[in-house]
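Biologist: Please take me through how the chains of this model meet, with a close look at the strands involved. Some context from within the chains would help too.

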Number of protein chains: 4
Amino acid sequence: MIRVAVIGAGRIGRIHAANLSRNKDADIVYVSDVIDAAAESLAKTCNAAVASVDQVLEDSTINAVVIASSTDTHADLVERAATAGKSVFCEKPLDLNATRAQECLSVAEKHGVLLCLGFNRRHDPSFSRLKNEIDAGTIGNVEVVSITSRDPAPPPVQYIERSGGLFRDMMIHDFDIGRWLLGDEPNQVFATGSVLADPAIATAGDIDTAIAVLRTASGRMCQITNSRRCEYGYDQRIEVFGEKGMVRADNQTATKVEVAGAGGFATEPALPFFLERYADAYRIQLDRFLRASGGENIDIPGGADGLRALQLADAAQESLETGKPVDV
Amino acid sequence: MIRVAVIGAGRIGRIHAANLSRNKDADIVYVSDVIDAAAESLAKTCNAAVASVDQVLEDSTINAVVIASSTDTHADLVERAATAGKSVFCEKPLDLNATRAQECLSVAEKHGVLLCLGFNRRHDPSFSRLKNEIDAGTIGNVEVVSITSRDPAPPPVQYIERSGGLFRDMMIHDFDIGRWLLGDEPNQVFATGSVLADPAIATAGDIDTAIAVLRTASGRMCQITNSRRCEYGYDQRIEVFGEKGMVRADNQTATKVEVAGAGGFATEPALPFFLERYADAYRIQLDRFLRASGGENIDIPGGADGLRALQLADAAQESLETGKPVDV
Amino acid sequence: MIRVAVIGAGRIGRIHAANLSRNKDADIVYVSDVIDAAAESLAKTCNAAVASVDQVLEDSTINAVVIASSTDTHADLVERAATAGKSVFCEKPLDLNATRAQECLSVAEKHGVLLCLGFNRRHDPSFSRLKNEIDAGTIGNVEVVSITSRDPAPPPVQYIERSGGLFRDMMIHDFDIGRWLLGDEPNQVFATGSVLADPAIATAGDIDTAIAVLRTASGRMCQITNSRRCEYGYDQRIEVFGEKGMVRADNQTATKVEVAGAGGFATEPALPFFLERYADAYRIQLDRFLRASGGENIDIPGGADGLRALQLADAAQESLETGKPVDV
Amino acid sequence: MIRVAVIGAGRIGRIHAANLSRNKDADIVYVSDVIDAAAESLAKTCNAAVASVDQVLEDSTINAVVIASSTDTHADLVERAATAGKSVFCEKPLDLNATRAQECLSVAEKHGVLLCLGFNRRHDPSFSRLKNEIDAGTIGNVEVVSITSRDPAPPPVQYIERSGGLFRDMMIHDFDIGRWLLGDEPNQVFATGSVLADPAIATAGDIDTAIAVLRTASGRMCQITNSRRCEYGYDQRIEVFGEKGMVRADNQTATKVEVAGAGGFATEPALPFFLERYADAYRIQLDRFLRASGGENIDIPGGADGLRALQLADAAQESLETGKPVDV
């Protein structure tokens, strides 16, 4: 039994707690949150105690910590938990500042603890199968990865303002998936973007529509398109083109119903947003973290992946601002 | 060069003439029709002469005759053309009366001429591929054939009245396809039907919606569903289930465009009717008739197929009327 | 909180127990099984006590009973539970004998208790949506329902021998779905079948491949095709054709991955069997039973549905044996 | 009747001649080619005379000229035909040199003749429907156009050497389609590429895999991916994302057959190459040229479109070489 504390009882913290509850090998011992009521409410549903972060870290029976608090607390909490010898699962990003993320990563490495980053999409069954097909040689050498990622609707401007911008907040997932599927490290980023969905985003100094192109040393390429608004649901598609063919993952829908009438054939929109689309991925992610935390040798995105994705996001932001490709 | 006469200058006659015109090995020499103006109009577009049936059959340079006149003339014309030693392509059915069809078939056999029936669907590239996959063993032994065949809109009641009824006029195509794909002769037919699409069809003594089930001696089965009205186009689908899997042919559309919006994803209706859906089949059918007529050994539905499909249709009609399965 | 006892700790009993455990409104108090070890094992995983059926029925704090024991015990248990005033959920069928099922239904009615039948497919989100679209008038009047239902592999012959035969064991689900979607009571059944998948099934006096056609008084029709063996997974599809169009539910797959190579494009097989395909349906079914048990007015298949489906199955069996359609 | 001369009797010239033959309003009077045998062979099949370019241009009864000769002859022939007052259809590109193309365009404008460029894809029924949906406002303002265009196999290196490079030879079609669907002029191009398919292409100084990103002044974007090799057929897909949804055109296949087996469901590869995929587009293109040539006001790509696409290709080449985005 792995004894776990959940730090952060907001939307994502509750998802992680629910998934931990369903895992027979995990016991949620503590819930911690800066807002007492939030901590209490979540603690109650998972039969855990409310505790401060200090209490959590001082309790030597706690094996693992799941960090789902606000982004600006991630780096400190990771360092403290690592220093206390806990296995750490941290929501992305480690930090909006790559230097700070690097420091944090060094601390975790120094203490030899497991540090997993919340790149949930890597655990999606469809995307996992893409990776497995690539690794199995189904399409031969990977040549071009194409990622389409569109949110259903823009978040509030207050969220945008603190988000670090589209590349660090949203496309960072795609940078991670792109690296992972290319199987080769991108060393150049070109990015461009516009405000086409919501003018308020321009006033916050950000963009809502973007395209990025990554290149690796061996000449493989990845193209990514993002939008903060999409009428037909949460558009999450990946296509990997290789020398022997192509593998792709399409959107998912709630049912497989089709309606035919005089206008033709109609199927339903893509699943509405990440909670629905990546429900399985969130569950599998925590299961795999627990297994890794228990000593199993398992492929799971770690601190270095978090750092690298952040560096690609920083390069994309620089490319947007300078109008030129940026070497990473 | 095969010298051909087209008898019947109506809608189907014009389709056949156009396809003959595109075939380098065919020369349309004569067009014949009981309506002079129709014959002249078609003769003009294909650079042929107008002639009476007598003239056509007396001209010993004519190798092949394409019969596309009204159904009640088919049997006589087939017999006369066969007696004159011409290769004969005849639109389905040979006759609405099976005994008459049998006589006609005997005459053709006696004179040793080629007699091809216009079961155009066998020449459709998708359905041909179904047959090829079956013959190649892709799905092992065939067990169940499922045919969906729905017309876009009911024909005028006057047409219904002379049609011989849904089974002989419409489902006859499916009986032929069913036999062909089962690869085994059906020896029992159960059929049932209703008037659900157009009450006027009831007054004509016919039905507009029907289901039939065929069985072969070896226990293979075929289910067929027909409707005279379908909102989403001309619904033409076949599914063949076997011991090792399934092959199926889906509807076809004019473009491969998909439109996504808040309501989901929409594709266009099936092609509107047989002229569009089976355009390739009509062309290939005549090409294959010409090749067979030229002596090539080629699989093409003949008089016996026409007779057998008619017998199945008769049995279906009897089953509808008696409420019991009928042995064939 | 609804206090529930689970009777029968086999495969289906465990599924129901797991779903009850996930429902916040249910408390599994007892587990009962003729095999002690089975009862104990399941009771442990859901934190319940082991009890005899007598103990369960004598405990007046128990509100609801879930019957998942062997088929031959269903009718007695339903009667006893109804007499004890419990809400009853019973796996299909009530009994293999329609007269016995009728008696059982009368007892439940006399005691005014809720009696729900385990026609899980009605709760499948795709099939529910078909029903909703029909009820919303999307396709106008229903005309033809087509149901394809194929199991991945034949069960052991010992299972077949006690199953009541394909129509009462397997197609009974489709009879229920057919009635439900037709929205009109079938009053005639024609059925035919063969042994094509597994010769051992013939020795058990049953068939493994079947087609049935149902008719209602108003002329609506339903065609059903079943096979005990299917290479490409658990084939579960429904198509409902109406005056204004068609709605259909396609098979489901584990991922939305497609692989393209020189041979074309490949997607994965249908989900393997009912545990995967109807996982959501099983969960929703119990949730709805609990809500109905709690007094909510909710559409859920009851005893009369169980009886009617059994009568259709009996009629299909008679039709198979006599070679004629049977009135119901 | 429009009297036409075909200049160039190679592969494309023969396609154009066949399509002209099927058009009732066209009469192919002359065929011209630098290789006499080629001219004679084609002239024979379309019942035309062989003539030199001089003879063609001196014959004042000739209304229209279709130029399908080698690329290096296009500009001269266009100028001479325009000067002779003929309507001109010219295969793309006008010239590999934008300055030369500009001169040529000026000559055509000075003589007020119709000059149509062979951007065949604009006439593809699926792509035309994309344009129509956009123009009808189905997706609101266009935001991102994504074009996937992959040839089945690399051409011979000798072809590559004279082609002007991937951007001017292959992606030029996509630049034209991108401009057309964006509905807004791109003013910046970023392009990158690699040799991943065929090392021989590197020795010819070209690339075989490329990605380009276009931007318009209003911030709309277009991403294009090209490869000279694709295992699953000629991959030709377009997706247009807008404020209200998305429209896309998928690949086309020869049949709609699907094969299901233990491994899943398989459909066939995309149509093999442009002759099959764009057969309709080639036919419609010539029909529309003839109608425009006859005075009808019809939307068809002209000399300015040819020049603009070439400028985008030049900019892409410069971007590839300098590693920076290039303003156009």
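Modeller: This is a predicted model, and the sheet inside one chain is a useful place to begin. Chain D holds an open sheet of 6 strands with parallel pairing, in the order β3-β2-β1-β4-β5-β6. The edges are taken by β3 (49-50) and β6 (115-117) of chain D; each has a single partner strand, so one side of each is left without a neighbour in the sheet. Within the sheet, β1 (residues 2-7) and β4 (residues 64-67) of chain D run parallel and are joined by 4 bridges. There, D:A5 is placed opposite D:V65 in β4(D).

A helix of chain A comes next. Helix α5 (residues 98-110) of chain A has 13 residues, which at 1.5 Å a residue should span 18 Å; its end C-alpha atoms are 18 Å apart, so the expected and modelled spans agree. The buried residues in α5(A) are A:A98, A:A101, A:C104, A:L105 and A:A108. These lie on the same side of α5(A), because the arc they cover around the axis is only 120°. A:T99 and A:K110 are exposed, on the other side of α5(A). The packing partners of the buried residues of α5(A) are α4 (71-83), β5 (87-90), β6 (115-117) and α13 (303-322) of chain A. Just after the helix α5(A), A:G112 has a positive phi of about 60°.

Now to the contacts between chains, starting with chains A and B. Strands of a sheet pair through backbone hydrogen bonds, either parallel or antiparallel. The contact between chain B and chain A takes 12 residues from each of the two chains. On the side of chain B that touches chain A, β13 (257-261) and β14 (264-267) of chain B each supply at least two residues. The most comes from β14(B), with 4 residues. By type, the residues on this side of chain B are 6 nonpolar, 4 polar and 2 charged. Strand β14 (residues 264-267) of chain A pairs with β14(B) in the antiparallel sense, over 3 bridges. In this pairing A:A266 has B:A266 as its bridge partner in β14(B).

The relation between these two copies can be given as a rotation. Chain B is superposed on chain A by a turn of 180° with 0.0 Å of shift along its axis, at an RMSD of 0.0 Å. The two copies are therefore related as by a two-fold rotation axis. The C-alpha of B:A266 is the one nearest the axis in chain B, 2.2 Å from it; B:A266 is also the bridge partner of A:A266. Of the interface residues of chain B, 100% are also interface residues in chain A, so the copies meet through the same surface.

Chain A also touches chain C. This contact takes 23 residues from chain A and 23 residues from chain C. On the chain A side, α6 (125-135), β12 (245-249) and β13 (257-261) of chain A are the elements that give two or more residues. The residues of that side comprise 9 nonpolar, 7 polar and 7 charged. Strand pairing occurs here as well: β12(A) runs antiparallel to strand β13 (residues 257-261) of chain C, with 4 bridges joining them. In this pair A:R248 stands opposite C:E258 in β13(C).

Notes
Residues are numbered from 1 along each chain as its sequence is written. Chains are lettered from A and ligands numbered from 1 in the order in which they are written. This is a predicted model: local features need pLDDT of at least 70, side-chain atom pairs count only at pLDDT 80 or more; totals for chains, interfaces and linings use all residues. Two residues are in contact if their C-beta atoms, placed from the backbone, lie within 7 Å. Ala, Val, Leu, Ile, Met, Phe, Trp, Tyr, Cys and Pro count as nonpolar, Asp, Glu, Lys and Arg as charged, and the others, Gly among them, as polar. Two strands pair if DSSP finds at least two bridges between them. The expected span of a helix is 1.5 Å times one less than its number of residues. A residue is buried if 20 or more other C-beta atoms lie within 10 Å of its own, exposed if 12 or fewer, and partly exposed in between; C-beta atoms are placed from the backbone. The arc is that of the directions from the helix axis to the C-beta atoms. Copies are superposed by least squares on the C-alpha atoms of residues with pLDDT of at least 70 in both.
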